[in-house]
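Hi everyone, thanks for coming along. Please have a look at the sequence and the structure while I talk you through a few places in it.

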Amino acid sequence: MSIFTNTRVQCMTNFDHLPNRHNTGSYKWDKYKNTDIIPLWVADMDFVSPPCISEAMIESAQFGVFGYSEATESCEQAFINYVSEHHNIKPKAQELFWLPGLVCALHAVCRAYTQPGDEVITFTPIYPPFLYAPGNSGAKTVEVPLDPETHRPNMAWLRNAINEQTKVLLLCNPHNPVGICFSKEELAEIATICLENNIVLCSDEVHCDLILDPESQHHSIATISPEIAQQSVTLMAPSKTWNIAGLGCSIAYIPNDSLRRKFIRECRGKIPETNIAGLVAGEAAYRDGESWRLEVIDYLRGNLDLIEKFVAESNGKIRMQRPSATYLAWLDFRESGLANPAKELEAAGVGLSDGKDFGLAGYMRLNFGCPRSLLEEALKRIKSCLT
């Protein structure tokens, strides 16, 4: 057991409490500094993180030495135990590479497995770094739209987008921003397509522990078949689930030795090592954070019910397909009557993420990982724009 996580604290949080994050250096809140705009954009939650994490970090701080760090055996084992129990992944420690974030991991994937002029496919709309990471590595981003009615992948469209220059497929599983959980059958077909065309499949699974729909299940890409496990990179992190994104702790699971060496070569000297605070927090989350995770999922379901009711009462001006995962609602404002939803919503006092940054104008992404009273006020302000 880690010397920094000996104290076990029951993970209980009052999710109705709104911490005052103004003027704290919060990327989310200080975007609208000195305004009355409610920030429901960038994907971190307005909940205090689990006490088990705070206690572990306090013990680490009291130790008082903050040198260069790497994942300890207990940290690695906490992650291995967690994903083995929850996702049926059985990684070996040597198959893991720890990073300070997943955006830098997307860039490392593109650098490792493409050459200038190669192509990288991704399903759109999509979290913006999926769109610009290939170009930053000299490759071309190829967008394959999700079905506009179901928000699910169209395999014929995927096959038609592939050519000899296609080297990587970047998958967001569960999907950000539409919140779908890919079915095992969909993932198996995507895996088959990648295997047939010798495409490296990178699956960003950062939201995999926030499955809101009781009927849905997350399937990690590495569990689909032994063959795709050897041709894939799985990216995971405790950041979204336990609200510790600012601490920078993520994991790349790469069973194939050759792919892993190429990936690590593109990280060394270009991406900072994971810092001790992130590793301590990540270990505590994976080992002791389960009760908090279940509590936050239950609270998020209540918030999502509120949004669904609001959308139903908008008389078609806003549409939404209920997300199965994440704390992100993908709202269709095309019939809202708003010429510029992002600007007009800000004028009404609500800051959402503009869908055009995700590759689909006319939509907005709303982060409902916040106290219900704040969400209620934000929805009231959105409603004022529709009348």
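In the lining of the largest pocket, helix α11 gives the largest share, three residues. Please keep in mind that this is a predicted model. The volume of the largest pocket comes to about 820 Å³. It has 37 lining residues, and those closest to the centre are Tyr27, Val42, Ala43, Tyr127 and Arg365. Which elements give two or more residues to this lining? They are α3, at 103-113, α4, at 129-136, α11, at 341-348, and β12. For those of you who think in side chains, the lining splits into 20 nonpolar, eight polar and nine charged residues.

Now to the second largest pocket, with a volume of about 360 Å³. Here 21 residues form the lining, and Glu70, Phe97, Trp98, Arg268 and Glu273 are the closest to the centre. Two elements, β2 at 96-99 and α8 at 257-267, each give two or more residues. Strand β2 has the largest share, with four. By class, we have twelve nonpolar, four polar and five charged residues in this lining.

Let's stay with β2 and look at its partner. Strands β2 and β8 run antiparallel and are joined by four bridges, with Leu96 opposite Tyr253 of β8. Strand β8 also has three bridges to β7, residues 232-236, again antiparallel. In that pairing, Met236 stands opposite Ile251. Are the residues of β8, at 250-253, buried or exposed? They are buried on both faces: Ser250 and Ala252 lie on one side, Ile251 and Tyr253 on the other. As a reminder, side chains in a regular strand alternate between the two faces of the sheet.

Next, please find the open sheet of four strands. The order is β9-β10-β13-β12, and the pairing is antiparallel. Its edge strands are β9, at 319-320, and β12, at 353-354, and each of them pairs on one side only. We met β12 a moment ago, in the lining of the largest pocket. In this sheet, β10, residues 328-332, and β13, residues 363-367, pair over five bridges. One bridge to pick out there is Ala329 with Leu366 of β13.

Leu366 takes us on to the largest nonpolar core. That core has 70 residues, and the ones that touch the most other members are Ile307, Leu366, Phe368 and Ile382. Helix α10, residues 290-312, supplies the largest share of the core, nine residues. What does Ile307 contact, leaving aside neighbours within four places in sequence? The list is Met320, Ala329, Leu331, Leu366, Phe368, Leu375 and Leu379. So you can spot both members of that bridge, Ala329 and Leu366, around Ile307. Apart from this core there is another one, of 31 residues, including Ala105, Leu106, Phe130 and Val206.

Last stop: Lys140, which sits in strand β4, residues 140-145. Why do we call Lys140 partly exposed? Because its relative accessible area is 48%, and partly exposed covers the range between the 20% and 50% cut-offs. Beyond its neighbours within four places in sequence, Lys140 is in contact with Asp118, Glu119, Val120 and Pro134. Leu360 is 220 residues away from Lys140 along the chain, and their C-alpha atoms are separated by 18 Å.

That's my tour, and I'm happy to go back to any part of it.

Notes: Residues are numbered from 1 along each chain as its sequence is written. This is a predicted model: local features need pLDDT of at least 70, side-chain atom pairs count only at pLDDT 80 or more; totals for chains, interfaces and linings use all residues. Side-chain values use heavy atoms; hydrogens and water are left out. Two strands pair if DSSP finds at least two bridges between them. On a 1 Å grid over the protein atoms alone, a cavity is a set of points where a 1.4 Å probe fits but cannot get out, and a pocket is an open set with protein on both sides within 12 Å along at least five of seven lines; lining residues have an atom within 4 Å of a point. Grid points are joined across faces, edges and corners, and a volume is the space filled by probe spheres set on the points. Ala, Val, Leu, Ile, Met, Phe, Trp, Tyr, Cys and Pro count as nonpolar, Asp, Glu, Lys and Arg as charged, and the others, Gly among them, as polar. A nonpolar core is a set of buried Ala, Val, Leu, Ile, Met, Phe, Trp, Tyr and Cys residues joined through side-chain atoms within 4.5 Å. Buried means under 20% relative accessible area, exposed over 50%, partly exposed in between (1.4 Å probe, protein chains only). Contact means heavy atoms within 4.5 Å.
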